[in-house]
Amino acid sequence: MIGLILSFILGLCIGSFLNVCIYRLPKEISLVKPFSFCPNCKASIKWYDNIPLLSYLILGGRCRNCKEKISFRYFLVELLTGVVFLFTYLKLGLSLVFFKYIVLFSLCVVVSFIDIDYRAIPGWICIFGILSGLVFSLVESFLFLKSQGLIGFSLSRIPLVKSFLGLFLCIGLSYFLKLMGDFFLWIWLALKKKESIEGEREALGLGDVDFLGMVGAFLGWKLGFLVFFLAPIVALVYGIYIIVFRKSHLIAYLPFLGIAVFIVSFWGEEIINLFFSL
Ligand SMILES: [Zn+2]
């Protein structure tokens, strides 16, 4: 019980930090300095007004200084991260995989919301993600070799090998399909005699390719591929809504990739088994 509460609180605090990342990283403002400030009046926010969830509720969603409305998203990101951490703890307990997954899910939250705002993400976030995935695999490899001994194992079972394979295969597959998609879009635009769809000329952004490389480094190539093919299904319902009601074809894709990562992390093997048993 205490573990559940602590993981939820950890999630809220990390969520609060992720809000800072989402706001500052695209603007290239340092993450540590200055201390939290109101985007409207620039007044620095006191620690007691910076408590996840509670401060938002107590202040009624407004800045204490200028009374400007604070975006509900701050509250949402904190709650979302808290619930995700709680669920991850529930499934995995306190383990190395728990920490690996909360790092991966935190990265998903950050890139999703930046993508919603800018329809692009700073490339180095995924490079940082790829490196983190490889570091986790390195530690897992040490533990694996320690438990297995050096004799009588196949190379392909070593976590670090799986990670590198995942990285290269996922980048390879998604980049290949991006080029295919771009090609068909190019033909379609040529037939319609258009320059672009609402300013967009790419079927899949490079940010999505980097992101899938990161997922491959964390989860290996099988689950990485599954994320790639699951995300469009997750996006389908929202995509139809956007096309019918908003008369637009553009959607930020990373949130759907992020949701797919979460599903695949916990139920990926089951989905693959189910698919092959059909
Ligand atoms: Zn203010």
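**Exercise 1. The burial of two cysteines**

Classify Cys-63 as buried or exposed from its relative accessibility.

*Solution.* Step 1. In this predicted model, Cys-63 has a relative accessibility of 10%. Step 2. The cut-off for a buried residue is under 20% relative accessible area. Step 3. Cys-63 therefore counts as buried at its 10%. Step 4. The reasoning can be repeated for Cys-38, which counts as buried because its relative accessibility is 6%.

**Exercise 2. The zinc site**

Identify the atoms that coordinate the zinc ion, and work out why their arrangement is called tetrahedral.

*Solution.* Step 1. The coordinating atoms are the SG atoms of Cys-38, Cys-41, Cys-63 and Cys-66, at 2.3 to 2.4 Å from the zinc ion. Step 2. Along the chain, these donors are spaced as C-x2-C-x21-C-x2-C. Step 3. Cys-38 belongs to the loop between α1 (2–24) and α2 (54–58), and Cys-63 to the loop between α2 and α3 (72–92); this pair, 25 residues apart, links distant parts of the chain. Step 4. The ideal angle for four tetrahedral donors is 109.5 degrees. Step 5. A set of four donors counts as tetrahedral if all angles lie between 85 and 135 degrees. Step 6. The 4 donor atoms here subtend angles of 105 to 117 degrees, so the arrangement is tetrahedral.

**Exercise 3. The surroundings of Ile-70**

Locate Ile-70 in the chain, classify its exposure and list its contacts beyond its neighbours in sequence.

*Solution.* Step 1. Ile-70 lies in the loop between α2 and α3. Step 2. Its relative accessibility is 27%, so Ile-70 counts as partly exposed. Step 3. When neighbours within four places in sequence are left aside, Ile-70 is in contact with Tyr-56, Gly-61, Arg-62 and Cys-63. Step 4. For one of these partners, Tyr-56, the separation is 14 residues in sequence and 8.2 Å from C-alpha to C-alpha.

**Exercise 4. The length and packing of two helices**

Compare the span of helix α5 with its expected value, and then examine α6 in the same manner.

*Solution.* Step 1. Helix α5 covers residues 123–148, which is 26 residues; at 1.5 Å a residue the expected span is 38 Å. Step 2. The end C-alpha atoms of α5 are 37 Å apart, so the two values agree. Step 3. Among the buried residues of α5 are Ile-125, Gly-129, Ser-132, Phe-136 and Glu-140. Step 4. Residues three or four places apart in an α-helix point the same way, because there are 3.6 residues a turn. Step 5. The buried residues of α5 pack against α4 (96–118), α6 (159–191) and α7 (206–219). Step 6. Just after α5, Gly-149 has a positive phi of about 80 degrees.

Step 7. For α6, with 33 residues, the distance from first to last C-alpha is 47 Å, close to the expected 48 Å. Step 8. Its buried residues include Leu-167, Cys-170, Leu-173 and Ser-174, and what covers the buried residues of α6 includes α5, α7 and α8. Step 9. Lys-193, which follows α6, has a positive phi near 55 degrees.

**Exercise 5. Domains and the nonpolar core**

State how the chain is divided into domains, and describe which helices and domains supply the largest nonpolar core.

*Solution.* Step 1. The chain is divided into domain 1 (1–94) and domain 2 (121–278). Step 2. The C-alpha centres of the two domains lie 27 Å apart, and the contact takes 7 residues from domain 1 and 6 residues from domain 2. Step 3. The largest nonpolar core has 55 residues; Leu-104, Val-110 and Phe-211 are among those with the most contacts inside it. Step 4. At least two residues of this core come from each of α1, α3, α4, α5, α6, α7, α8 (221–245) and α9 (254–277). Step 5. α4 gives the largest share, 12 residues. Step 6. Each of domain 1 and domain 2 supplies at least three residues of this core. Step 7. Beyond four places in sequence, Phe-211 touches Cys-108, Val-111, Cys-126, Leu-254, Leu-257, Gly-258 and Val-261.

**Exercise 6. Two residues contrasted**

Decide for Thr-81 and for Phe-17 whether the residue is buried or partly exposed.

*Solution.* Step 1. Thr-81 is placed in helix α3, whereas Phe-17 lies in helix α1. Step 2. Thr-81 has a relative accessible area of 1% and is therefore buried. Step 3. Phe-17, at 40% relative accessibility, counts as partly exposed. Step 4. Beyond four places in sequence, Thr-81 touches Gly-11, Ile-14, Gly-15, Leu-18 and Val-109.

Terms used: Residues numbered from 1 in each chain as written. Predicted model: local features only at pLDDT ≥ 70, side-chain atom pairs only at ≥ 80, totals over all residues. Heavy atoms only, no water. Helix = DSSP H or I, 4+ residues; strand = E, 2+ residues; numbered from the N terminus. Expected span 1.5 Å × (residues − 1). Buried < 20%, exposed > 50% of the residue type's maximum accessible area, 1.4 Å probe, protein only. Contact = heavy atoms within 4.5 Å. Donors = N, O, S within 2.8 Å, 3.2 Å for Na, K, Ca; no water. Tetrahedral: all angles 85-135°; square planar, octahedral: opposite > 155°, others 65-115°. Core = buried A, V, L, I, M, F, W, Y, C linked by side-chain atoms within 4.5 Å. Domains from an automatic or database assignment.
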